[in-house]
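This report describes selected features of the structure shown below. Metal sites are treated before strands.

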Amino acid sequence: MRAFRMFDWGAAPSHEEVPVPEPGAGQVLVRVAGCGLCRSDLTMQQMPRPVGEKLGWQMPFTLGHETAGRLDDGSPVALVATASCGRCRLCVRGLESVCPHGLTGRGYGRDGGLAEYVLADRRSVLPLGDLDPRHAGPLTDAGATAYHAVRRALPRIVPGGTTVVIGAGGLGAFAVQFLRVLTATTVIAVDPAETRRAYAESVGAHQVLSGLELLPRRLGADAVLDFVGADQTIAAGIAAVRPGGAYGLIGSAGGRLDRPWFGTLPRDGEVFTFQGSTIADAQEVIALAAAGLVRNQVEEFPFEKVEEAYERLATGTLTGRAVIVL
Ligand SMILES: [Zn+2]
Ligand SMILES: [Zn+2]
């Protein structure tokens with residue numbers, strides 16, 4: 001079968017013919033229908049060897065962690081993107097995103113969904129109902145991660161308040177929708193790109209701004225969800241939170257937080273950061289999409305054009321999540 005694989009740190013991935021994998025105990029073979037591309041794929045591809053080698057991954061492996069397809073009986077399924085063991089004390093409580101065994105997963109260190117077939121353990125298989133498996137992959141990662149962020153901030157979001165979403169790309173646009181479905185908060189989305197602002201507005205943002213400097217002074221937001229994570233978004237994002245509010249850092253642009261002890265952090269508030277999501281997050285996002293409550297905008301690419309799709313992702317010229325359709 002065809003697969004798109006990473007062969008070495010710092011080297012461009014490429015197509016390779018590999019055998020169809022054989023399911024082991026507790027595993028199922030999934031025929032991939034579509035696989036979304038994620039910015040973290042690019043991070044992996046550009047990771048310097050000394051950093052990458054610390055992860056202990058075996059090369060080569062097939063990329064792709066936003067996977068959906070069909071089981072051998074034809075039923076459509078999506079595969080949970082976050083890896084977890086299912087047995088540790090945290091997994092038992094449904095906290096899969098903090099499982100200590102989650103560093104290696106499908107598409108990051110193990111064979112992922114950019115192939116005709118992929119293996120999945122049964123507990124990571126979620127039924128899709130009427131949703132199209134060619135497009136559903138991003139729900140499990142872009143969708144579920146944004147959902148996790150909103151769910152974390154939810155206790156701080158109260159009627160009459162405002163929530164700011166910084167970065168209205170793949171994740172931020174989902175966050176805007178979850179805030180509209182789950183809360184009565186006023187949603188302000190901030191993004192320099194006109195197309196992303198227009199999309200955020202079309203999926204329910206009450207107000208869209210091209211820059212953080214346009215936020216009202218002393219806004220006092222209940223929550224700010226930062227899907228960028230640069231120096232400027234961290235500083236301005238935290239400054240916009242009211243006492244007792246929440247700032248969530250999800251974007252991994254690598255920004256710093258200076259002088260946290262000198263009035264920077266929201267008094268009695270919450271500052272949190274995370275990667276990934278839980279199985280329950282993915283399940284709920286799929287249910288919301290199946291109920292028609294959230295839109296999952298994708299741009300389709302054939303398997304031969306995966307490099308082009310990554311290029312479009314890198315240059316920020318996509319108009320939705322890129323999915324490779326098999
Ligand atoms: Zn991802
Ligand atoms: Zn675990």
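## The zinc ion (ligand 1)

Three protein residues donate to the zinc ion (ligand 1): C38 through SG, H65 through NE2 and D141 through OD, at 2.0 to 2.3 Å from the ion. The model is a predicted one. Along the sequence, these donors follow the spacing C-x26-H-x75-D.

C38 belongs to the loop between β3 (27-36) and α1 (39-46), while H65 belongs to the loop between β4 (61-62) and β5 (66-70); the pair therefore ties together parts that are 27 residues apart in sequence. Both C38 and H65 are buried.

## The zinc ion (ligand 2)

The zinc ion (ligand 2) has four cysteine donors, namely C85, C88, C91 and C99, each contributing its SG atom. These atoms lie 2.3 to 2.4 Å from the ion. The donor residues are spaced C-x2-C-x2-C-x7-C in sequence.

Why is the arrangement around the zinc ion (ligand 2) described as tetrahedral? The four donor atoms subtend angles of 104 to 116°, and four donors count as tetrahedral because all angles lie between 85 and 135 degrees. For comparison, the ideal angle for four tetrahedral donors is 109.5 degrees.

Two of these cysteines may also be described by their accessibility. C91 has a relative accessible area of 7% and C99 has 8% relative accessibility. The limit for a buried residue is under 20% relative accessible area, so C91 and C99 both count as buried.

## The strand β3 and its partners

Seven of the ten residues of β3 are buried, so this strand is largely enclosed by the rest of the structure.

Which strands pair with β3 in the antiparallel sense? One is β9 (residues 117-121), which pairs with β3 over five bridges; here V28 has A120 as its bridge partner. Another is β5, joined to β3 by five bridges, with T67 as the bridge partner of C35. A further partner is β18 (residues 321-325), paired with β3 over three bridges, where V323 stands opposite G36.

## An open sheet of three strands

Strands β2, β1 and β4 form an open sheet in the order β2-β1-β4, and their pairing is antiparallel. The edge strands, β2 (14-17) and β4, each pair on one side only.

Strand β1 (residues 2-6) and β4 run antiparallel and are joined by two bridges. Within this pairing, F61 of β4 is the bridge partner of M6. The loop that follows β4 and leads to β5 holds H65, one of the donors of the zinc ion (ligand 1).

Methods. Residues numbered from 1 in each chain as written. Chains lettered and ligands numbered in written order. Predicted model: local features only at pLDDT ≥ 70, side-chain atom pairs only at ≥ 80, totals over all residues. Heavy atoms only, no water. Donors = N, O, S within 2.8 Å, 3.2 Å for Na, K, Ca; no water. Helix = DSSP H or I, 4+ residues; strand = E, 2+ residues; numbered from the N terminus. Buried < 20%, exposed > 50% of the residue type's maximum accessible area, 1.4 Å probe, protein only. Pairing = 2+ DSSP bridges. Tetrahedral: all angles 85-135°; square planar, octahedral: opposite > 155°, others 65-115°.
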